[in-house]
Amino acid sequence: MNIQVEDIRIRAILATYRKRVPVTEGYVEVKDEGTWKQICDKHWTMKNSRILPHSSSTAGIRFLLAKAAPSHIPPSHCPQPQPACPALPLHDAGRMELDPFPFPVYHTCLFLLRSAWSSSRKFGSEKQELLPGCSAVNKAAGELLVLSEIALRMFASRRKQHYWAYSMDCSGNEAHISSCKLGNHLTGTAKNSSCANGMPAVQPLVRLKGGAGTGEGRVEVLRNGEWGTVCDDNWNLVSASVVCRELGFGSAKEAIAGARLGQGMGPIHLNEIDCTGFEKSVTDCKFNTESQGCNHEEDAAVRCNVPAMGFQNQLRLSGGRNPYEGRVEVLAERNGTLRWGTVCSHNWGTVEAMVVCRQLGLGFASHAFQETWYWHGDVSADDVVMSGVKCSGTEMSLSHCRHDGAHVSCPRGGGRFGAGVSCSETAPDLVLNAELVEQTAYLEDRPMFLLQCALEENCLASSAHNTSLTSGYRRLLRFSSQIHNNGQSDFRPKNGRHAWVWHDCHRHYHSMEVFTHYDLLNLNGTKVAEGHKASFCLEDTECEADVQKQYECANFGEQGITVGCWDVYRHDIDCQWIDITDVPPGDYLFQVVINPNYEVAESDYSNNVMKCRSRYDGQRIWMYNCHIGKAGNPPAGPGLLQVRI
């Protein structure tokens, strides 16, 4: 069965907001068989929400819950490791910041209550104790959640809803929701599908990027359909607290200026923000849309107060020279008792190491180690207690990653082969200049006798081996790439100079096996042509005015990209292309992925992918709508989605 999504949009919830163009918050809808249908929030997850465009916000239901709440919630206690639930007046959701108790505590407890209530779905049994020892809160929560559920359904039922027959199943790595896979076919579906026990999915407007931990990062807002940053002029704790509450955290711990959590790309949407503290969104505050005098060196960021979850007590680093490195040891239950043990290092990589460093509050991962014989950990913890670990990179705890559970399988064993990490408070962040790719793309028919070195380095399609050396040629899609380091530390190759590989044909060293992937995908997301670029020369081609170049490839020099500098690969050098000789005319998606194997740790992998729409007529190629996407596996395609189920 082939299903095509012709288009996707966000429809404003309130009629007055529909006059605004473009609409940037509201119900998520897809156009199916000529009719706009809402996406049901059944199976709707944070991963899906990130794709519209990418966001890390939480649902806005907490404000409805607060308004529907009783005037007072008595003291109670949440299950450990949650903090105690204090007495919290809730006369007005807009006055939460004036309450004498930390909002994260209330939010965490209410979240647990809502989760427990939703799982039971027994709206009529207020006597059921959702949280042990929280009887008073359970009763209040029962009334609160019933009221909020009714209010939400009454609000959504004011007009007859037309729901799409499928839920969405996003990995969180897609650049557009049309690239997500289709989820489950909803029950009771027909021409007008129902959304039993669900509500329309809603798109948030604010996200945090580039932070090492939960609740911290560079503030980015969605305006006119495009994500942009906030200038730090007049940036203070009051405005930062509005952002934190909007994202479901408590008040702000710190309002960070000077792009200390990395520089963003694209427009600067808000400047000279002036919040009273009563706003529900930072976009409701007074601000100046003119960004004259502001640049991305002044991007604002926040650190929010986040509930203490106790995750750092479930994991430790052992045997390292300092607290930021060592063998990873986890606390796991075996045979009814808790004991420390190692993590199997099979397939252990940078993404898993990132989760460990975040869980311990040690920043970003700088390296992931599959052998730790040089770190003498606790001998009693040599046995492997966790294996098959595979993380997406967004988890708050290593135990949240996929793993083998109680069925541990690790042929190499623990001890010297246990997984290890080294952490750092800062990390680089590579971003490709999408506009330059769009401006410099062109086709070249290059004779085969000039491509022998490229053939040896696998820069051509496999059919090139059958092309005549004297009369044959290859059609190459050439382009320039400009890769910026917008992070907080220099980007260095994974291997030191002693491990670089000499390539005699081009007379240069390769410091990374694969630095970038170049792919041409059809509208189903299938690769029709591909290339790769080994980082034979990572250097500071150009830098910002106040930044000094540090890396130069000449004379076997050190390779890397300094913060505030960029490396340029011109269109006229070998392997800076995709071989499209065998590609038929048609519409395609052009994709560039930097650091595709996550060999080097970065503060943000979501901006490592650039995507363009392209049209090839057999003689010419058009490249348009180039934009920064989301890192991860190749998506299912651009504006059109075709999924076989």
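Reader: How far apart are N and O where the side chains of Asp445 and Arg475 meet in a salt bridge?

Author: In this predicted model, the side chains of Asp445 and Arg475 form a salt bridge. Asp445 belongs to strand E25 (residues 442-447) and Arg475 to strand E26 (residues 473-478), so the pair links distant parts of the chain, 30 residues apart. A salt bridge requires a side-chain nitrogen of Lys or Arg within 4 Å of a carboxyl oxygen of Asp or Glu. The distance from N to O here is 2.8 Å.

Reader: Is Arg475 buried or exposed?

Author: Buried means under 20% relative accessible area. For Arg475 the relative accessible area is 11%, whereas Asp445 has 40% relative accessibility and counts as partly exposed. Because its value is 11%, Arg475 is buried.

Reader: Which residue forms a salt bridge with Asp382?

Author: Asp382 lies in the loop between strand E21 (364-369) and strand E22 (384-386), and its partner in strand E19 (residues 325-334), so the pair ties together parts that are 55 residues apart in sequence. Asp382 counts as partly exposed at 28% relative accessibility, while the partner counts as buried at 2%. The closest N and O atoms are 2.8 Å apart, and the partner is Arg327.

Reader: Which residues are joined into one network by salt bridges that share partners?

Author: Side chains of opposite charge can pair when their charged atoms come close. Asp382 and Arg327 form one such salt bridge. Through shared partners, salt bridges join these residues into one network: Arg316, Arg327, Glu329, Asp378 and Asp382.

Reader: Which residue meets Glu254 in a salt bridge?

Author: The N to O distance in this salt bridge is 3.2 Å. Glu254 counts as partly exposed, because its relative accessibility is 26%. The partner also has a value in the partly exposed range, at 46%. The side chain that meets Glu254 is that of Arg260.

Reader: How many salt bridges does a search of the whole structure find?

Author: The pair of Glu254 and Arg260 is a salt bridge, and so is the pair of Asp445 and Arg475. A search of the whole structure gives a total of 24.

Reader: Which residue in E12 stands opposite Arg207?

Author: Val206 and Leu208 point one way from strand E11 (residues 206-209), with Arg207 and Lys209 pointing the other way, and all are buried. E11 runs antiparallel to strand E12 (residues 216-223), to which 4 bridges join it. The two strands form a hairpin with 6 residues between them, and Gly210 in the turn has a positive phi of about 80°. Opposite Arg207 stands Glu220.

Conventions
Residues are numbered from 1 along each chain as its sequence is written. This is a predicted model: local features need pLDDT of at least 70, side-chain atom pairs count only at pLDDT 80 or more; totals for chains, interfaces and linings use all residues. Side-chain values use heavy atoms; hydrogens and water are left out. Buried means under 20% relative accessible area, exposed over 50%, partly exposed in between (1.4 Å probe, protein chains only). Two strands pair if DSSP finds at least two bridges between them.
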